[in-house]
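I set out to record what I looked up in this structure. The entries concern model confidence, nonpolar cores and the packing of helices.

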Amino acid sequence: MERLLADYVILHKDAYQAILDGVKGGAKEKRLAAQFIPKFFKHFPELADSAINAQLDLCEDEDVSIRRQAIKELPQFATGDNLPRVADILTQLLQSDDSAEFNLVNNALLSIFKMDAKGTLGGLFSQILQGEDIVRERAIKFLSTKLKTLPEEVMTKEVEEFILTESKKVLEDVTGEEFVLFMKILSGLKSLQTVSGRQQLVELVAEQADLEQTFNPSDPDCVDRLLQCTRQAVPLFSKNVHSTKFVTYFCEHVLPNLGSLTTPVEGLDIQLEVLKLLAEMSSFCGDMEKLESNLKKLFDKLLEYMPLPPEEAENGENAGNEEPKLQFSYVECLLYSFHQLGRKLPDFLTAKLNAEKLKDFKIRLQYFARGLQVYIRQLRLALQGKTGEALKTEENKIKVVALKITNNINVLIKDLFHIPPSYKSTVTLSWKPVQKADAGQKRTSEDTTSSSPPKKAPAGPKRDARQIYNPPSGKYSSNLGSFSYEQRGGFRGGRGRGWGGRGNRSRGRIY
């Protein structure tokens with residue numbers, strides 16, 4: 001019977017038109033239409049527009065079962081020139097709040113991706129660039145989660161090049177959250193895993209960070225933009241992909257304004273966040289045009305956090321009421337950055353500073369080193385004998401990180417005390433995972449942090465829950481100090497916040 005019906009419809013245009021008209025009937029007629037319109041679609045190309053529009057009416061029906069059936073069949077319309085249009089329609093349907101419908105739309109998009117990836121992407125990017133906010137948001141999330149699941153035969157080099165080209169258009173006008181998602185999308189493309197590919201990504205981030213513009217430390221959005229862009233760039237840097245442009249910008253524009261920085265993220269220690277990013281980037285800095293000038297800025301900022309010893313009264317006690325506060329987390333970052341850049345100008349301390357300034361610096365180093373030894377001994381004593389589960393408590397994990405911080409500073413200070421100053425020691429920043437040393441390589445401070453913890457060091461703090469070490473003032477305090485938790489802030493929601501200011505678009509149905 002079904003075969004006879006099929007033969008009859010194929011031979012009679014009026015019969016197919018009657019099926020199309022069924023979308024105006026009752027529930028039974030609509031269900032039949034949802035099934036038969038796509039079934040015979042290919043036999044009536046002259047009715048293609050009418051057929052697609054009829055199916056779209058069913059996709060918007062009040063009856064959820066009819067909507068689901070209509071959406072499920074949409075990929076059958078994705079032939080030839082119709083495919084980008086179907087992709088555009090399916091992208092708009094991503095705004096559905098019905099979970100079953102939403103999954104059907106996702107599956108339908110994935111199925112037409114395998115027919116024509118480039119055509120499907122055309123529909124998706126069309127809505128990302130011109131669609132309503134909810135559609136744009138879900139289309140971007142679709143790309144960020146689904147592209148990586150597609151096989152290589154679908155994600156060809158040509159398709160990846162198309163994604164990069166279209167993404168660049170979108171990046172001209174994005175919010176921070178969207179930018180992060182697009183960096184996730186682009187970083188996952190196979191063609192951008194090469195050195196030249198990663199360099200392209202760094203240039204994209206640098207353009208988004210707007211490093212050519214004047215830095216305004218009192219503008220929270222300006223500061224937030226720079227930090228979020230830098231966070232995206234840091235994983236891309238390597239010995240072949242240099243961080244020079246970012247490091248230069250931080251030294252010339254951010255460090256001199258460190259105390260004036262503002263942030264929209266509540267509870268974020270913005271100064272420490274900046275210093276940590278600079279430290280991470282400094283390892284991959286290439287040749288810098290104004291190296292001496294920028295090294296001087298870094299050195300001056302380091303001095304601010306390395307106090308002179310308090311003056312002593314005639315009886316040998318401190319003349320002042322309080323001893324300077326040693327901010328170990330800040331000093332670790334600044335000292336590490338100075339140590340990394342100092343390798344490029346090893347005579348900076350001896351030839352570029354006068355004797356009086358060098359003497360002053362050595363006094364500060366010596367005073368800080370004395371305080372370090374006290375805390376290192378206290379921390380080792382507190383961790384002594386603790387293994388396994390005992391080291392996994394929050395308190396002990398914090399102490400392990402504190403021990404990494406103080407050990408790192410200790411190693412770097414020893415290097416600078418050499419005559420002439422040395423820049424040979426290698427340390428792993430306290431919040432980074434420890435790199436295993438190659439066979440025969442000299443062990444670094446992280447290998448000798450404590451005799452008590454097991455060889456495998458506990459994992460450092462995640463990037464969204466970094467710890468700040470604030471030991472108590474004084475050289476010989478019996479307390480171990482305290483940590484405050486720093487929460488990494490994300491972008492604030494909503495477009496139109498200094499990242500291009502996309503206005504809301506009320507477009508309605510544009511199938």
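My entries follow in the order of the look-ups.

**Confidence.** I noted at the outset that this is a predicted model. I read an average pLDDT of 83 for the protein chain, with 81% of the residues scoring at least 70. I then looked up the low-scoring stretches. Residues 437–498 stay under 50 in pLDDT, and I found 156 contacts in the model for them beyond four places in sequence. Residues 500–511 also have a pLDDT below 50, and this stretch has 34 contacts beyond near neighbours in sequence.

**Nonpolar cores.** I asked which members of the largest nonpolar core touch the most other members. They are Tyr16, Ile37, Ile163, Phe246, Phe338 and Leu349, in a core of 145 residues. Helix α17 (residues 328–342) supplies the largest share of this core, with nine residues. I listed the contacts of Phe246, leaving out residues up to four places away in sequence: Val202, Val205, Ala206, Ala209, Leu211, Thr230, Ala233, Phe237 and Met281. I also recorded another core, lying apart from the largest one; its seven residues include Ile376, Leu379, Leu383 and Val400.

**Helix packing.** I next examined helix α10 (residues 157–170) against helix α11 (residues 176–187), whose axes lie 11 Å apart at an angle of about 165°. Because angles over 145 degrees count as roughly antiparallel, I entered α10 as roughly antiparallel to α11. I recorded the crossing of α10 and α11 as left-handed. At this contact, Ile163, Leu164, Ser167 and Val170 of α10 meet Phe182, Ile185 and Leu186 of α11. Ile163 had already appeared in my entry on the largest nonpolar core.

Definitions and conventions. Residues are numbered from 1 along each chain as its sequence is written. This is a predicted model: local features need pLDDT of at least 70, side-chain atom pairs count only at pLDDT 80 or more; totals for chains, interfaces and linings use all residues. Side-chain values use heavy atoms; hydrogens and water are left out. pLDDT is the predictor's confidence in each residue, from 0 to 100. Contact means heavy atoms within 4.5 Å. A nonpolar core is a set of buried Ala, Val, Leu, Ile, Met, Phe, Trp, Tyr and Cys residues joined through side-chain atoms within 4.5 Å. Buried means under 20% relative accessible area, exposed over 50%, partly exposed in between (1.4 Å probe, protein chains only). Helices (H or I, at least four residues) and strands (E, at least two) are DSSP runs, numbered from the N terminus. Axes are lines fitted to C-alpha atoms, for helices over the stretch in contact, and angles run from 0 to 180 degrees between N-to-C directions. Angles under 35 degrees count as roughly parallel, over 145 as roughly antiparallel, 65 to 115 as roughly perpendicular and the rest as oblique. A crossing is left-handed if the near helix is turned anticlockwise from the far one by less than a right angle, and right-handed if clockwise.
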